[in-house]
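Please go through this structure label by label. For each term, I want the value, the cut-off and the conclusion.

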Amino acid sequence: MWNGTRRTAEYIAKGIRESDKEVNVKLYHLEKRDKNDVITEIFKSKAVIVGSPTVNKGILTSVAAILELIKGMKFKKKKAAVFGCYGWSGEAAKIISDSLEASGFEMADEVLKVNWNPDNESAEKCIEFGKRFSEKFA
């Protein structure tokens, strides 16, 4: 709605790219992408970062659908990180993290929570989050 999650994802991707110019970073807007394409990319990836805004103390239905598919796929030896944007309560990041852990993903970092749209300070935290994530694979 306010693009905070998209902007957060873009800053995280910037941090990954700054840390490792060779890594192939792909951003997906899950409401606009085919779920099968996204699952295929997850299958081919070493790691994923999943984010959602908090909506009614939950996550977007498109993110919930992907998490449900991930649970059924029983991926092995994959790392994950999680971020969320929120206005008031911020439950989305924990919901996603819990789901990925229950699905067998190893969490590579603490969850990142951003209040509303990332300001300059939050943008720097997002970039650093991406760099730390990338360095786990160097």
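Q: Why is Trp116 called partly exposed?
A: The model is a predicted one, and in it Trp116 has 37% relative accessibility. Buried requires under 20% and exposed requires over 50%. The 37% of Trp116 lies in between, so Trp116 counts as partly exposed.

Q: Where is Trp116, and what is its phi?
A: Trp116 sits in the loop between β4 (112–115) and α5. Its phi is near 60°, which is a positive value in a residue other than glycine.

Q: What makes Asn56 exposed?
A: Its relative accessible area is 77%. The cut-off for exposed is over 50%. Asn56 passes that cut-off, so the label is exposed.

Q: Where does Asn56 lie, and what is its phi?
A: Asn56 belongs to the loop between β1 (47–53) and α3 (61–73). Phi of Asn56 is near 50°, again positive in a residue other than glycine.

Q: How do you know that Ser134 is buried?
A: Ser134 has 7% relative accessibility. Buried means under 20%. The value of Ser134 falls under that limit, so Ser134 counts as buried. This serine is found in helix α5, residues 120–135.

Q: What makes the pair Ser134 and Ser19 a polar contact?
A: The two side chains are paired at 3.4 Å. The limit for N or O atoms is within 3.5 Å, with one atom able to donate a hydrogen and the other to accept it. At 3.4 Å the pair meets the limit, so it is called a polar contact.

Q: Which residues does Ser134 touch, leaving out those up to four places away in sequence?
A: Ser134 touches Ile16, Ser19 and Asp20. To count as contact, heavy atoms must be within 4.5 Å.

Q: Why is the link between Arg132 and Asp109 called a polar contact?
A: Their side chains are paired at 2.9 Å. The cut-off is within 3.5 Å. The pair falls inside that cut-off, so the term applies.

Q: Is Arg132 buried, partly exposed or exposed, and why?
A: Arg132 has 37% relative accessibility. The band from 20% to 50% is the one called partly exposed. Arg132 is therefore partly exposed. Arg132 is found in helix α5. The C-alpha atoms of Arg132 and Ala102 are separated by 23 Å, with their positions 30 residues apart along the chain.

Q: Why does Glu41 count as buried?
A: Glu41 has 16% relative accessibility. The limit for buried is under 20%. Glu41 meets it, so the label is buried. Glu41 is part of helix α2, residues 35–44.

Q: What does Glu41 touch, not counting residues up to four places away in sequence?
A: Glu41 touches Lys26 and Tyr28. Glu41 and Lys26 are 15 residues apart in sequence. Their C-alpha to C-alpha separation is 8.9 Å.

Q: How do you know that Ser97 is buried?
A: Its relative accessible area is 10%. That is under the 20% limit, so Ser97 is buried. Ser97 is found in helix α4, residues 92–102. Setting aside residues up to four places away in sequence, Ser97 touches Val82, Met107 and Val111.

Q: What makes Asn3 partly exposed?
A: Asn3 has 41% relative accessibility. The value is neither under 20% nor over 50%, so Asn3 counts as partly exposed. Asn3 is placed in the segment before α1 (4–19). Asn3 and Asn117 are 114 residues apart along the chain, and their C-alpha atoms are separated by 7.1 Å.

Q: In what order do the elements of the chain run?
A: From the N terminus on, the order is α-α-β-α-β-α-β-β-α. That is five helices and four strands.

Q: Why is the chain called as compact as a globular protein of that length?
A: The radius of gyration is 14 Å. The globule rule gives 14 Å for 138 residues. The two values are close, so the chain is as compact as a globular protein of that length. The C-alpha trace spans about 35 × 35 × 25 Å along its principal axes.

Q: What share of the chain counts as buried, and what share of contacts is between residues 24 or more positions apart?
A: Of the 138 residues, 42% count as buried. Among contacts with a separation of 6 or more, 79% come from residues 24 or more positions apart.

Notes
Residues are numbered from 1 along each chain as its sequence is written. This is a predicted model: local features need pLDDT of at least 70, side-chain atom pairs count only at pLDDT 80 or more; totals for chains, interfaces and linings use all residues. Side-chain values use heavy atoms; hydrogens and water are left out. Helices (H or I, at least four residues) and strands (E, at least two) are DSSP runs, numbered from the N terminus. The radius of gyration is taken over C-alpha atoms; the globule rule is 2.2 Å times the number of residues to the power 0.38. Buried means under 20% relative accessible area, exposed over 50%, partly exposed in between (1.4 Å probe, protein chains only).
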